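Student: I should like to learn how to read the features of a structure that is new to me. May we begin with a helix and proceed from there?

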Amino acid sequence: MKQVVQNYKTGELAVLDVPVPGCKPGGVLVRTSYSLISTGTELMKVSEAGMSMLGKARSRPDQVAKVMQSVATNGIPATYQKVMGKLDSYTPLGYSLCGVVEQVGPGVDDVKVGDLVACAGNEHALHAELNWVPKNLYAKVPDGLAPRHAAFGTVGSIAMQGVRQGEPQLGEVALVIGLGLIGQLVVQLLAAAGVRVVGADPDPARCELAERLGAVACGDPASTAVEAAVAELTDGHGVDQVYLAAGGGSNQPVELAARLCRDRGRVVDIGKCRLDLPWNAYYEKELDVRFSRSYGPGRYDPAYELEGRDYPIGYVRWTERRNLACFLDLMARGRVDVEPLVSHVADFDDAVDTYRRLKDGDLKAVAVLFRYPEEKAEAPAPTVAVPAVRRGGAAPARPVKSPVRLAFVGAGNYATSMLLPHLAKREGVELSTVVTTTALSAANAQRKFGFAEATTDLDAVLGDTSVDAVFVVTRHSSHAELTRKALLAGKTVFVEKPLALSEDELAGVLAAVEESGNDRLQVGFNRRFAPLLQQATGQFGVRTGPANLRYLVNAGRLQHGSWYLQQGTEGSRFAGEGGHFIDTASRLLGADPVSVYAVATSGNDDLQVVLRYPDGSTATISYVTTGPSSFPKETLDLVADGKVLRLDDFVRASVYGSKRWVSSRLPQARDKGQNAELAAFVKAVRTGGPMPVPLESLVATTAATLAVQASLVGGVPVTLAGAR
């Protein structure tokens, strides 16, 4: 299928061929009929992409702050690689469309194949021929409403949420500053609610359009016309509410709002304009400044948008989806008319030229629609049966010159910054296929790393006998099931941590090993392969007595919205990454733990985990989220036999004993062992030799990680005897 994309680094716009997205549970696959260009938001994004790196940094100070945080945690080289990888990727455009349901995912019963729906979301309602849209981000189009008009549903919801924040009442007077697409819709919604509206915009054509659509009077904000109209309509008191629907760097809108608003009036920010509030003006009138968050309640909440958890109507009357449905209803009943806003309709194949004309000013428009071909494209390939199981615990040796063919399931940040750069330049490796649930991420990985194919069809990859190994680099909740399927398909598997989030999931993986006889499995516990750790262990020498190990992990707080916070589906944060630290401790102590005891602060964010080992050694892992970002992320001390091994964040190591040894500081960056781990894995696949880490150790580490939660719940140590 085709999709409009942009490279944020170069500014390049393209209509790209990408795989058809999979139809996941809780959503529908929609074939687009019309999609709407947001001439404000999207053109701002297009313009930013054309800026220099300094210009991009100035326009997004929030992202610069994230980069500086990453530098403090991961170092400059790793951060540079991650940032440039993100910049040099295709990103999607679009967030408002109308189309026909082509496939219905499990758990959806409110629409059927062939229904016309309006869709929302900058990750789901894209300028693409097909989109997967979760349940709470689509609404059925009322009978009689034209698809081209229903494509306005999302921007209409944005305008509606702004109006709701202003709490207009019959007979009030409102001022709308900025008469672009959102402003024009706000004017109509206010007029439909019985509010008299004054508009302000420097463009005479937009002012005239707003008056045709219900505004009492409009004018240039720099003239006296707007002020005179407000004075006449309000007897000199000022408007009851002001809606800021303007963009740009001028502070004029907020100054005009203060001047023309009545005492204790309401100012609602809908657009993205400068907000240097003149303190005296806002203080003296005690103005109520409010912000409107996009489409309405539910926005930016993964539980609502992605998991389909609706808010009870008795507590939240107007959610994203209810706003969308309400706006569609208003259009269907003729209370809002969007046809006069349509300045241009372009064929989807002409998308790049349309954006260019808008950016250059050749096409002056309030709203532009993309029209998609009516002929039905091929449906996604149906699910195929899992191929016959290949049995045997060791893969056959391969000819020395035969490349190892690898497939990736998932191509997120970790895969593209920490794994694929090493594999793409490794001799004897062929990147065969990348599988993702979103089409564009697969296309990006294919372009950047040279995969032969990109797809959203997992079963086709598992059934491909030419694929030697499968990398599972998806969200935590899918690891165990994907690993189980790949093992049963006879593939060698590399799965990022964690292997499993529950005892049942771990049992399922082991059942697949037993059923297939295929134990070719590696979990991404990369720290044991770190060159600095290997070097320090060699300097420490063979240990003769029990050891005491202290491991401080300064994990830091997660950003709001991180999927790591979705504990209901993705497990606790420690369940997700704690295996790294337990595996490192076990590597240094030369055994697997036999018991686990854990205590936590309120909220289970900060943990103390004590591991006991067969020879009496202990390891204490302090996993904290409240430490300063300026402190190293990982520090480790191992004490035994009158010696101390110290590791400082994989940058420097030292051994204290009868003589002191100190490593040189790593010249480039922290090396946490990913490259060495991948080399060992590829060698095992090529030769059919033993996997880099015994399966028993991988299982023991996973069981110990799961035991942390059991110990927290029970308040007692958990014995791991009998774990494989």
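Tutor: Let us begin where helix 8 starts: there, a side-chain oxygen of D203 comes to within 2.9 Å of the backbone nitrogen of A205. Please keep in mind that this is a predicted model.

Student: Which residues of helix 8 are buried?

Tutor: Helix 8 spans residues 204–212, and its buried residues are C207, L209 and A210. They lie on the same side of helix 8, because the arc they cover around the axis is only 160 degrees.

Student: Which exposed residues does the face turned away from the buried side carry?

Tutor: That face of helix 8 carries P204 and R212, both exposed.

Student: What do the buried residues of helix 8 pack against?

Tutor: Their packing partners are helix 7 (181–192) and strand 11 (217–219). After helix 8 comes G214, which has a positive phi, near 130 degrees.

Student: One of the buried residues is a cysteine, C207. How many disulfides does the structure hold?

Tutor: First, the general idea: a disulfide is a covalent bond that links the sulfur atoms of two cysteines. This structure holds zero disulfides.

Student: Why does C207 form no bond with C218?

Tutor: The closest cysteine sulfur to that of C207 belongs to C218, and at 5.3 Å it is too far for a bond. The cut-off for a disulfide is 2.5 Å between the two sulfur atoms. Seen from the other side, C218 is likewise in no disulfide, its nearest cysteine sulfur being that of C207.

Student: Are C207 and C218 buried or exposed?

Tutor: C207 is buried, at a relative accessible area of 7%. C218 also counts as buried, with 15% relative accessibility.

Student: Let us turn to strands. How should one read the side chains of a strand, and how many residues of strand 3 are buried?

Tutor: In general, the side chains of a regular strand alternate between the two faces of the sheet. In strand 3 (residues 27–37), 11 of the 11 residues are buried, so the strand is largely enclosed by the rest of the structure.

Student: How many bridges join strand 3 to strand 5, to strand 7 and to strand 16?

Tutor: Strand 3 is joined to strand 5 (residues 96–104) by seven bridges, and the two run antiparallel. Five bridges link strand 3 with strand 7 (residues 130–134), again in an antiparallel arrangement. With strand 16 (residues 367–371) there are four bridges, and this pair is antiparallel too.

Student: Which residues stand opposite one another in these pairings?

Tutor: Let us take one example from each pairing. V30 has V101 as its bridge partner in strand 5. L29 is opposite W132 in strand 7, and Y34 is opposite R371 in strand 16.

Student: Next, I should like to understand salt bridges. How many salt bridges does a search of the whole structure find?

Tutor: The general idea is that side chains of opposite charge can pair when their charged atoms come close. The search finds 34 salt bridges in the whole structure. In one of them, R262 pairs with D240, and the closest N and O atoms are 2.7 Å apart. R262 belongs to strand 13 (residues 261–269) and D240 to strand 12 (residues 239–244), so the pair ties together parts that are 22 residues apart in sequence.

Student: How accessible are R262 and D240?

Tutor: R262 counts as partly exposed, at 22% relative accessibility, whereas D240 counts as buried, at 13%. The boundary for buried is under 20% relative accessible area.

Student: Where do E634 and K672 lie?

Tutor: These two side chains meet in a salt bridge with an N to O distance of 3.5 Å. E634 lies in strand 27 (residues 634–640), while K672 lies in the loop between strand 30 (660–662) and helix 23 (674–687), so the pair ties together parts that are 38 residues apart in sequence. Both E634 and K672 are buried.

Student: Which residues do salt bridges with shared partners join into one network?

Tutor: D353, R356, D360 and D362 are joined in this way. Within the network, D362 forms a salt bridge with R356, the closest N and O atoms being 3.6 Å apart. D362 counts as exposed, at 52% relative accessibility, and R356 is partly exposed, at 39%.

Key. Residues are numbered from 1 along each chain as its sequence is written. This is a predicted model: local features need pLDDT of at least 70, side-chain atom pairs count only at pLDDT 80 or more; totals for chains, interfaces and linings use all residues. Side-chain values use heavy atoms; hydrogens and water are left out. Buried means under 20% relative accessible area, exposed over 50%, partly exposed in between (1.4 Å probe, protein chains only). The arc is that of the directions from the helix axis to the C-beta atoms. Contact means heavy atoms within 4.5 Å. A polar contact is a pair of N or O atoms within 3.5 Å; within protein, one must be able to donate a hydrogen and the other to accept it, and residues adjacent in sequence count only if both atoms are side-chain atoms. Two strands pair if DSSP finds at least two bridges between them. A salt bridge is a side-chain nitrogen of Lys or Arg within 4 Å of a carboxyl oxygen of Asp or Glu.
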